[in-house]
Amino acid sequence: MIETVKIQSLGAQGDGVTAEGVFVPGTLPGEVVRISTTGHRARLLDVIEPSLERRTGDEAGAHASGACTMWHASDAFLARWKVDLIAQALESRGINDVQLLPIMTSPPESRRRATFTGRRTKKKIIVGYHTERSEQIVPADTCQALHPAICAALPRFEELVGTGASRKGEMRLAVTSTQEGLDVAVTGGKPVEGPLYGQLVAIAATSDFARLTWDGEPVVTRRPPTVSMGRARVTPPPGGFLQATEHAQYALTDAVLSAVGDARRIADLFAGSGTFALPLAEGAEVHAVEGDQDAVDALDQAWRQTTGLRRVTTEVRDLHRRPVLAREFKNITAVVFDPPRAGARAQCEQIAQTEILRIAAVSCNPATFARDARILIDGGYRLDWVQPIDQFLWTPHVELAAGFSKT
């Protein structure tokens, strides 16, 4: 059905919402638009009365990529909206009067980590992002968020897809720009048999690839790819988690250091490869807990190779199934936790039973953060401040760091 409607608000994923509850991607509150509706979702046909917050002219036409679903909104609007997402999530849990600090936004062309989809057909090879709720892949070559080193290598990624992808499936390419070059981890490719190995080696040799892995198996390591975490240099596991921009990593680290203050014995939970544990170790002893063995190995190796750090102990542990119990925090004076989007409900229930003085929380999901914050507050903690951070430009995603204390 084709109809003309007015957009009332934005949903949590950035889609416009009509008074009837229909979701319309690519729209902003207050706009009058013509849409084609199917159920509770619609396709935007035309903007009849645009918002003053909509990009205009050439800027609006230079759509960044399929991943940048909110490119049509002004940067100022997005900054306000992302802070509001956090505020609304907290208010939904009865957490009011929180000090929300000004949002810190990563600059364009700073995204150093991205995961692309690659597909090979009879007619073409495409590397890019899936559009929302679609099998269509939008090429990444116009993405203004990506680091220039990644953009420059897109033709090489197409070579990888043309050489190693079957016509029946899709390949995934997890790419990280490191100090030594690109770290490329491919999954979903053809088995590395016969001439394929030599072809992959040749592609890597003519590219700025520091390392190329294929379905978990190393193909080429010309230089171990490293990233700085404080004074330490870490070689993350292939495809391993890393903050998407260096700017956000530093902003989050500064917030964590501020939250833990002068604590001298810190537990870093969901520690990854040491984003926070290693900088913290410049002034405190740290016990780092992470569920991925390869990430823990990378953290431990970096600690051992860096002079001047205090003791860092590590533990491989699934904190969702087996959280650190309240009694296990003996002698710990501060806790840092940085869980995945599902949050850290079970772990926060244990922390709330302790007398730990300071907590630094990092989250990529305001809703689960608010839930976990409520648990801590009910356990006697005070939420002192929240620092919003936007490292995924022109998307609905927002990160945050927060400081809790108990007196």
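How are helix 4 and helix 5 oriented to each other, roughly parallel or roughly antiparallel? Keep this question in mind at the first stop, and remember throughout that the model on the screen is a predicted one.

**First stop: a pair of helices**

Select residues 154–164, which make up helix 4, together with residues 196–205, which make up helix 5, and look along their axes, which come within 10 Å and cross at roughly 175°. Since angles over 145 degrees count as roughly antiparallel, helix 4 and helix 5 are therefore roughly antiparallel to each other. Now show the side chains where the two meet: R156, E159, L160, T163 and G164 belong to helix 4, and their partners in helix 5 are L196, Q199, L200 and I203. Sorted by character, the residues of this contact comprise four nonpolar, three polar and two charged.

**Second stop: a salt bridge**

Next, select K82 and D390, which form a salt bridge whose closest N and O atoms are 2.9 Å apart. K82 lies in helix 2, residues 75–92, and D390 lies in strand 21, residues 382–390, so this pair ties together parts that are 308 residues apart in sequence. In the structure, the count of salt bridges comes to 20.

**Third stop: the largest pocket**

Move on to the largest pocket, whose volume is about 1000 Å³. It is lined by 43 residues, and a good selection to begin with is R113, F241, R341, C364 and F392, the ones closest to the centre of the pocket. Then colour strand 7 (113–120), strand 8 (125–130) and strand 20 (358–363), the elements that each give two or more residues to the lining of this pocket. Strand 7 provides the largest share, with five residues. Across the lining of the largest pocket, 16 residues are nonpolar, 16 are polar and 11 are charged.

**Last stop: an enclosed space**

Rolling a probe the size of a water molecule over the atoms shows where empty space is left. A search of the whole structure finds four cavities of 30 Å³ or more, and the largest cavity has a volume of about 80 Å³. To see what surrounds the largest cavity, select A174, T176, T178, D183, V184, A185, V227, P236, P237, G239, G240 and L242, which line it. The elements giving two or more residues to this lining are strand 10 (171–178) and strand 11 (181–187). By character, the lining of the largest cavity holds seven nonpolar residues, four polar ones and one charged.

Note on methods. Residues numbered from 1 in each chain as written. Predicted model: local features only at pLDDT ≥ 70, side-chain atom pairs only at ≥ 80, totals over all residues. Heavy atoms only, no water. 1 Å grid on protein atoms, 1.4 Å probe; cavity = no way out; pocket = protein on both sides within 12 Å on 5 of 7 lines; lining within 4 Å. Points joined across faces, edges and corners; volume = space filled by probe spheres on them. Helix = DSSP H or I, 4+ residues; strand = E, 2+ residues; numbered from the N terminus. Nonpolar A, V, L, I, M, F, W, Y, C, P; charged D, E, K, R; others polar. Axes fitted to C-alpha atoms, helices over the stretch in contact; angles between N-to-C directions. Parallel < 35°, antiparallel > 145°, perpendicular 65-115°, else oblique. Contact = heavy atoms within 4.5 Å. Salt bridge = Lys/Arg side-chain N within 4 Å of Asp/Glu carboxyl O.
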